[in-house]
Amino acid sequence: MDVALVYNVKKEESVDASSVAQPSSQNQQTTHTHIQLAPSADAFAEWDTIETIHAVRDALSLRHTVSLIEADDNAFDTLKTDRPDIVFNIAEGRFGASREAQIPAMLEMLNIPYTGSDPLTLSVCLDKSRAKEILSYYNVANPKFAVISSLSELQSLIFPVPAMVKPLFEGSSKGIFNSSLVHSQEELVKQVKSVVEEYGQPALIEEFLPGREFTVAMLGNGAELKVLPIVEIKFDSLPSGVNPIYSYEAKWIWDQSSNPLEIFECPAKLDDNLKTAIENLCRNTYNVLRCRDWSRIDVRLDKNGRPNIIEINPLPGILPKIEDNSCFPKAARMSGLNYSQMLNTVLDAGLKRYHLL
Ligand SMILES: Nc1ncnc2c1ncn2[C@@H]1O[C@H](COP(=O)(O)OP(=O)(O)OP(=O)(O)O)[C@@H](O)[C@H]1O
Ligand SMILES: [Mg+2]
């Protein structure tokens, strides 16, 4: 098969995509550990490093002929000319709340098969409030929330604390800092202002779920959908005194591949009832949001110990090195799939949907 890998590469590296990349964590070292990050400090946190892109290419090349297409202004023309048999899509997109839909929408227009979720699901999942509205309709548990689009709405806002304040449509913990967990109306207002002003988008305020946190890798479709071994995020590995949340600092600053945090436990230690409850919750979520081929779903327990959905990542992070603490590859490894087998399973799931396998 001719497979085109379509990607966005982290900006500081896109100048010379053929060079050997530095580990992803090294790109983050200049950021600060508090809220006052320079606006661009986490601007490309969700894009992939050239190291990841090359690792995915190498993995798929074991079975296919693989070309690389950057998801830039030329992508549509290149796809139209090249017409690969299938696209392996890891592109996060360029601008706006529907950016993850851009490449899949082009591929649908060109009638080229691709892996992963369709434009609608990608857009819905990136806008956390839209995803929560659908989940709520289907009675899938998720924390209570409010959306604040402009600072004028703050005057009439009453929301119980403790609460989490997050940008409405970001990922990779962009805009989620230790200070995003607020304990007073004053802190709440400050955080909402900082999200609206610094990220130029609405703020999502959520009931804070105080319990254990898990992330769940999902692989396949329909009757073949697999829930991979559940990963627990262990907050006792964070520096003492910080909030028990998987913040930008926890993901990109306190955890370095040269000095990794022991933050994940996989498989999570769970009794059978809780394990089944989490698996069922994630299967329901995957199905009602019409996810395809793969996704990673974040779950947290509420004050009664009931699992709730925090968010859905239909384009999960896939750092290739074991020491880079990346949840989807970790769960896959635990299930017996190495990096290459994991990616080829995603590709095969896509090929089967199009009856190409
Ligand atoms: N309602 C909540 N209650 C408790 N903790 C929360 C809540 N919402 C977010 N968090 C904490 O903040 C972290 C980041 O939030 P979230 O997963 O929504 O952000 P993200 O940037 O989309 O993440 P990812 O890197 O997985 O894409 C969560 O892993 C969790 O630790
Ligand atoms: Mg998350």
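Strand 12 and strand 13 run antiparallel to each other and are joined over 6 bridges, and I should say straight away that what we are looking at is a predicted model. Within that pairing, leucine 301 stands opposite proline 307 of strand 13, and in the hairpin that the two strands make, with 5 residues between them, glycine 305 adopts a positive phi near 80 degrees.

On its other pairing, strand 12, which covers residues 294–301, is matched with strand 8, residues 213–219, again in the antiparallel sense and over 7 bridges. One pair to look at there is glutamate 213, which stands opposite arginine 300 of strand 12. Of the 8 residues in strand 12, 6 are buried, so this strand is largely enclosed by the rest of the structure.

That brings me to the packing. The largest nonpolar core contains 98 residues, and Val216 and Met218 are the ones with the most contacts inside it. Helix 11, residues 339–353, supplies the largest share of this core, with 7 residues. As a general remark, nonpolar side chains in soluble globular proteins tend to be buried together. If we take methionine 218 and set aside its neighbours within four places in sequence, its contacts are Leu225, Val227, Cys282, Tyr286, Cys291, Trp294, Ser295 and Ile297.

Now to the ligand. What surrounds ligand 1, and which residues are the closest? The shell consists of 20 residues, the closest being Gly171, Glu206, Leu209, Ile245 and Tyr246. Sorted by class, that shell holds 8 nonpolar, 4 polar and 8 charged residues. Strands 12 and 13 come back here, since they are among the strands that each supply at least two residues of the shell, strand 5 (163–167) being another, and strand 13 accounts for the largest share, 3 residues.

Where does ligand 1 lie with respect to the domains? Residues of the shell come from both domain 2 (133–139 + 210–353) and domain 3 (144–207), so ligand 1 lies between these two domains.

Finally, the domain assignment also lists a domain 1, spanning 2–115. On the side of domain 1 that touches domain 3 there are 4 nonpolar residues, 2 charged residues and no polar ones, and the contact itself involves 6 residues of domain 1 and 8 residues of domain 3.

How values were computed: Residues are numbered from 1 along each chain as its sequence is written. Chains are lettered from A and ligands numbered from 1 in the order in which they are written. This is a predicted model: local features need pLDDT of at least 70, side-chain atom pairs count only at pLDDT 80 or more; totals for chains, interfaces and linings use all residues. A residue is near a molecule or strand if its C-beta atom, placed from the backbone, lies within 6 Å of it. Helices (H or I, at least four residues) and strands (E, at least two) are DSSP runs, numbered from the N terminus. Ala, Val, Leu, Ile, Met, Phe, Trp, Tyr, Cys and Pro count as nonpolar, Asp, Glu, Lys and Arg as charged, and the others, Gly among them, as polar. Domain bounds come from an automatic or database domain assignment. A nonpolar core is a set of buried Ala, Val, Leu, Ile, Met, Phe, Trp, Tyr and Cys residues joined through C-beta atoms within 7 Å. A residue is buried if 20 or more other C-beta atoms lie within 10 Å of its own, exposed if 12 or fewer, and partly exposed in between; C-beta atoms are placed from the backbone. Two residues are in contact if their C-beta atoms, placed from the backbone, lie within 7 Å. Two strands pair if DSSP finds at least two bridges between them.
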